Amino acid sequence: MASIKKIAVISHQCVACGVCVKACPRQAISVYKGMWARVDAALCVGCGVCGKACPAGVIAIKAREAAV
């Protein structure tokens, strides 16, 4: 059975604190225009480190099919 590929999904409640950017081991997250964080789907492996680090709790790890 193949493993389900995952991705980080950041809600619109993001406050762009940058903690997830520093926590991501793949540099898959950036802060867009100082307003919110966004995920580069090509780099994200869905490891969940960003979600655990997020002080606002607005990052979820979802199956890629569900996140699209």
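Select Val31 and Ala37 together: in this predicted model, Ala37 of strand 3 is the bridge partner of Val31. Widen the selection to strand 2 and to strand 3 (36–39). The two strands run antiparallel and are joined by 4 bridges. They form a hairpin, with 3 residues between them.

Next, move to the turn of this hairpin and select Lys33. The residue lies in the loop between strand 2 and strand 3, and its phi is positive, near 50°, although Lys33 is not a glycine. Display the surface here as well: Lys33 is exposed, with a relative accessible area of 65%.

A second positive phi can be found before strand 2. Select Gln27, in the loop that connects helix 1 (19–23) with strand 2 (29–32). Phi of Gln27 is about 55°, again in a residue that is not a glycine. Gln27 is exposed too, at a relative accessible area of 59%.

Return now to Ala37 and turn to the interior. Ala37 belongs to the largest nonpolar core, which has 14 residues. Select Ile10, Cys20, Ile29, Ala37, Cys50, Val58 and Ile59, the residues of this core that touch the most other members. Strand 1 (residues 6–10) supplies the largest share of the core, with 3 residues. As a general background to this view, nonpolar side chains in soluble globular proteins tend to be buried together.

Within the core, centre the view on Cys50. Which residues does Cys50 contact, once its neighbours within four places in sequence are left aside? They are Ala8, Cys20, Ile29, Ile59 and Ile61. Of these contacts, Cys20, Ile29 and Ile59 are also among the core residues just selected.

The last stop concerns the cysteines. How many disulfides does a search of the whole structure find? The search finds 0. Select Cys20 and Cys14 to examine one case: the sulfur of Cys14 is the nearest cysteine sulfur to that of Cys20, at 6.0 Å, and Cys20 is in no disulfide. A pair of cysteine sulfur atoms would have to lie within 2.5 Å to count as a disulfide. Cys20 is buried, with a relative accessibility of 7%.

Finally, select Cys24 and Cys47. Cys24 is likewise in no disulfide, and its nearest cysteine sulfur, that of Cys47, is 6.1 Å away. Cys24 is buried at 10% relative accessibility.

Key:
Residues numbered from 1 in each chain as written. Predicted model: local features only at pLDDT ≥ 70, side-chain atom pairs only at ≥ 80, totals over all residues. Heavy atoms only, no water. Buried < 20%, exposed > 50% of the residue type's maximum accessible area, 1.4 Å probe, protein only. Core = buried A, V, L, I, M, F, W, Y, C linked by side-chain atoms within 4.5 Å. Contact = heavy atoms within 4.5 Å. Pairing = 2+ DSSP bridges.
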